[in-house]
Amino acid sequence: HRPTCLIDEWVVDWRRCCGLVLPSGIMVQLGAFALLALVVAGSAAGHWDARGKVKGKDIRKASPWGSSVPPGLVGPGHEYIQGRVQKLPSRLKAPLPASAGQVQYVGRVISKQKLGNNGVLLALEDNVKVRAIFYRKDIVRVQYAFDGPFDDPAAEMVVAKPAEDLHVTVREDYLYIWLEASGGARLRFEKGPNMKLALFRQGEGVPLLDECNAVARNGTRTWQALNLKGNEFFFGGGMQNGQFSHRGHKINIAVSYNWDEGGSPNAAPVYLSSLGYGVFRATWSEGTYDFRIAPTVLAHEEQRFDAFYVVAAHRDFKALLEGYTYITGRPFMPPVYGLGLGDSDCYHDDRHNNNTDVALAVAQGYVDADMPLGWMLVNDGYGCGYGKGPQVFPSDLSVLTGVANGLSKVGAYTGLWSGTDFTNVANEVSKGKVRVLKTDVAWVGDGGKFAFDAVAFSAAGIKNNSDARPFIWTVEGTAGTHRMAVMWTGDNSGDFESIRWQVPTFVGCGFSAQAHVSADVDGIFGGSGESQVRDLQWKSFMTVLMTMSGWSTANPDKQPYAWGEPYTSINREYLRLKMRLTPYLYTLSRVAYDTGVPPVRAMVMEFPDDDFLYYPSVGSGQQFMSGPSFLVAPVYKPLSLTEVRDEIYLPAGDWVDYWSGEIKSGPLHLSTYKVPLEITPVFVRAGSIVPMWPNMRYAGEKPADPLTLEVFPDGKSEFELYEDDGTTRAFETGAFAKTLIECDAPHNVMKLAGRVEVKVGASVGSFEGQLVNRTYIVLLHLATAPQEVSLKTSYGETSLKNLDSKSALDWEESGWFFDRTYSWGRPFSFYTFNEKPGRFSAGAGDCSELGCPPYSVWRHQTLAVKVRTDIRESFTVIANPSPDVAQMPQAGKGKGIQRKAADHDVSRLYLKGAAKSNPGMERMALPAAVLLAALFGALVLGLLTAAAGRRSGRQSCGAVAGDDAAPLCGRLEH
């Protein structure tokens, strides 16, 4: 009857684990090997008995997970609550609040009627009707009509149509009515005494979703109560400020007017389950989704029920997003200038002498600071119009047109925002050249259909009066808004707390297909030079970002050059990097447009098989993936508090530190990562292919030529580059091109050596302004210099010229250069390594003078290959290893290469002393060390317990009184 004793990373009551009081009152002391046997047995048998009941009662979590709990601990019918694994309280008998009034549950099924080839109509007691229709084999819609016909007030949210050609099987037995779509979803209705629904994957007998009670309603609200699975996690709900994983939480699907942590400025009635299903409620009404305890209760303030169910494979969030956006529409495709920094302020005010032309001076400030700029909002919608002079809220179209013409000369597009409406949008777009619109809370704050229609009206204003793509920013969006607008958090402060809660907020938005989300850089209020830098750093790896000036008393100007040095220089480099990453982020935007998968992705979305990432923690929610390649861990504490970023989590696989080139292998928790003001932690996933523009201040300043392809080779990988004209809607009718880039290399080639092939396919498709010829610079991160680099085309294979410097490469049309540093194209030069033996200790560029080895297991180097070609021709770059290396088998995919011992004795990595030199082998030795430590610790615990037993006599731990109680009953943190 004692709790299971867990040792590793848990707080343990050693007295209760080691002592057992027998009926006779004799204390039996558990020795070291008995304790070890207990741990092993507990690990083998799990922490559950045969009925799935939790044996442990007081298992509290310690660092590094914080409030989370490791996988496998929570079983069916239990939850991790306030540091304990507890049996979930049951709400089956009373799932509704006492204030609900007269509650009525739907009754028994009376009859059924098949609807075409894809659905069924059920008649229930009390004149209730239920209709289930398949929209696709994996998507089914279930609607209830209480005392009347079916209605569809939220029809604007839905763009999908039922699948008329889908054959759905309807069958009935004594207890159930079944609907099945071959190879897709299976729906089961329990006929009575109260009809209940269950959802299955085809061929599976355990339901993904099943109602524990019938759908219920009172005079104002409708409820659905679902059984809560022990291993189920929930995501979605739109923008839920401060959180992304909702197990153990209640979320509001409602207008909150809370722009800070805990608010829901763009809530959406959708959630995804880790079990492999998603639920979208087609409704404008407000609601709550309660995932805290069993059962899960979903409620909306309406007298109707309308839900779409999407089924996918276990933990396949990307498939669920594809299904959800099939129903509600794909995320919009932003214009390429929309990926640049936006700047907003009121210029017709006293601070700017009531003159909108001042916006041109601000734009010139970006030019003078050599900073990229994408677009500007030149009014603020709160009594600040556009014009000159003392007129209140002017709308001088000639001034607006002049400003737009001036901004276009420096590469920026013009936008407006409104707190009322855009009544003059036709002229503002057609004559004033406005291409960006922002709807503010004073206009759309009621949310729901009103806000949805306002965004649709704004988007139509641009579409109907130009050939441009709408670029709308809004707040209080909902399901379907993602296909029209950027969703923004509202008014936040510029501080580190805002950074902290914004990261999980944006991570969570992706589960509702809110692909383009943001918050004002350094907030609208407050702010400092340091918080501005830290905020801009991580938002540079998102698609959209904006500053908003004029409201802060600390410094009303929020431009990235407003705080002076060193902040200006750091901001410049991150904005340049973001501009260079445009082809990568633009391609991710097209992926979102095609599939619903967002550019900013939760760690668990990219690594769904990693159990650790399902629980809220720093390693799961305070970092994110920018597409498939970049892991970004924002800094959310000031340097005055700490100079390191702790609790970075790298999932399985190899990761390259973007700044230093150091390679780390996951799964790995990183602490004490040094973060000087210039650096926010960024890691690149091995196998990544990252396309990059040349340096530009704005999109279109120069042709995207040369195009750099930065390749981090590891096995087989690919990236399909997307391009179009960047501004018009011609892409909707097929005016775009795609280029497939593939890499084939041995695993660990960045640590060892090997033959690497990079194939750049022919550009497929066309668009206005497309290049005919292009220079590609293939940057390959390798461990050793190749002996030969060749180019294979349709005309054959030729050897490329080996050049001796970057400048020589610049003057040649083709060739290659091996850079023994990792400095190529990096904005910051932090290349001094002296923390570990065997790492370079030289500064960038001076390794050869110091006689550094040309190879290091800790950091790779850069091969630059330049190729000029017709974009309609494919080519392959082949880097062949030197002849003084030999093939060696290694763990993982492919084969590695080991340099001979004569070359700087690097053979020590795999020959004598391998365990000392290879960190991977050190990790292999770690379990043995842990086992020895556990044996020693168990012996000590046994001795301590024996001594404690002699002092306590026949008393159990709970019975010990006085001063002895603290040492005997206190908890020791491991």
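A residue is called buried here when its relative accessible area is under 20%. The structure is a predicted model, and this briefing takes up a covered helix, a helix pair, the cysteines and the nonpolar cores. By the burial cut-off, helix α10, which spans residues 529–539, is mostly covered, with 11 of its 11 residues buried.

**Helix α10 and its surroundings**

- The buried residues of α10 run from Gly529, Glu530, Ser531 and Gln532 through Val533, Arg534, Asp535 and Leu536 to Gln537, Trp538 and Lys539.
- Helical partners of these buried residues are α9 (496–509) and α11 (567–580), while the strands they pack against are β32 (493–494), β35 (545–548), β37 (624–626) and β38 (630–632).

**The pair α11 and α12**

- The axis of α11 comes within 5 Å of the axis of helix α12 (residues 582–595), and the two cross at roughly 55 degrees.
- That crossing makes α11 oblique to α12, since an angle of this kind falls outside the ranges counted as roughly parallel (under 35 degrees), roughly perpendicular (65 to 115) and roughly antiparallel (over 145).
- On the α11 side the meeting residues are Lys578, Met579 and Arg580, and on the α12 side they are Thr582, Pro583 and Leu585; by character, the residues of this contact divide into three nonpolar, one polar and two charged.

**Cysteines**

- The count of disulfides comes to one, and the pair is formed by Cys346 and Cys384, whose sulfur atoms lie 1.9 Å apart, a separation that satisfies the requirement of being within 2.5 Å.
- Because the torsion about the S-S bond of Cys346 and Cys384 is about 95 degrees, the disulfide is right-handed.
- The bond links distant parts of the chain, 38 residues apart: Cys346 sits in the loop between β26 (341–344) and α4 (358–368), and Cys384 in the loop between β27 (375–377) and α5 (397–409).
- Both partners are covered, as Cys346 counts as buried at 6% relative accessibility and Cys384 is buried with a relative accessible area of 2%.
- Cys212 is likewise buried, with a relative accessible area of 13%, and Cys743 is buried with a value of 3%.

**Nonpolar cores**

- The largest nonpolar core has 185 residues, and Phe280 and Phe630 are those with the most contacts inside it.
- Beyond its neighbours within four places in sequence, Phe630 is in contact with Phe541, Leu581, Tyr584, Phe624, Met625, Tyr658, Val682, Phe683, Val684 and Val690.
- A second core, separate from the largest, has 47 residues, among them Ala181, Phe234, Tyr271 and Val311.

Terms used. Residues numbered from 1 in each chain as written. Predicted model: local features only at pLDDT ≥ 70, side-chain atom pairs only at ≥ 80, totals over all residues. Heavy atoms only, no water. Buried < 20%, exposed > 50% of the residue type's maximum accessible area, 1.4 Å probe, protein only. Helix = DSSP H or I, 4+ residues; strand = E, 2+ residues; numbered from the N terminus. Contact = heavy atoms within 4.5 Å. Axes fitted to C-alpha atoms, helices over the stretch in contact; angles between N-to-C directions. Nonpolar A, V, L, I, M, F, W, Y, C, P; charged D, E, K, R; others polar. Core = buried A, V, L, I, M, F, W, Y, C linked by side-chain atoms within 4.5 Å.
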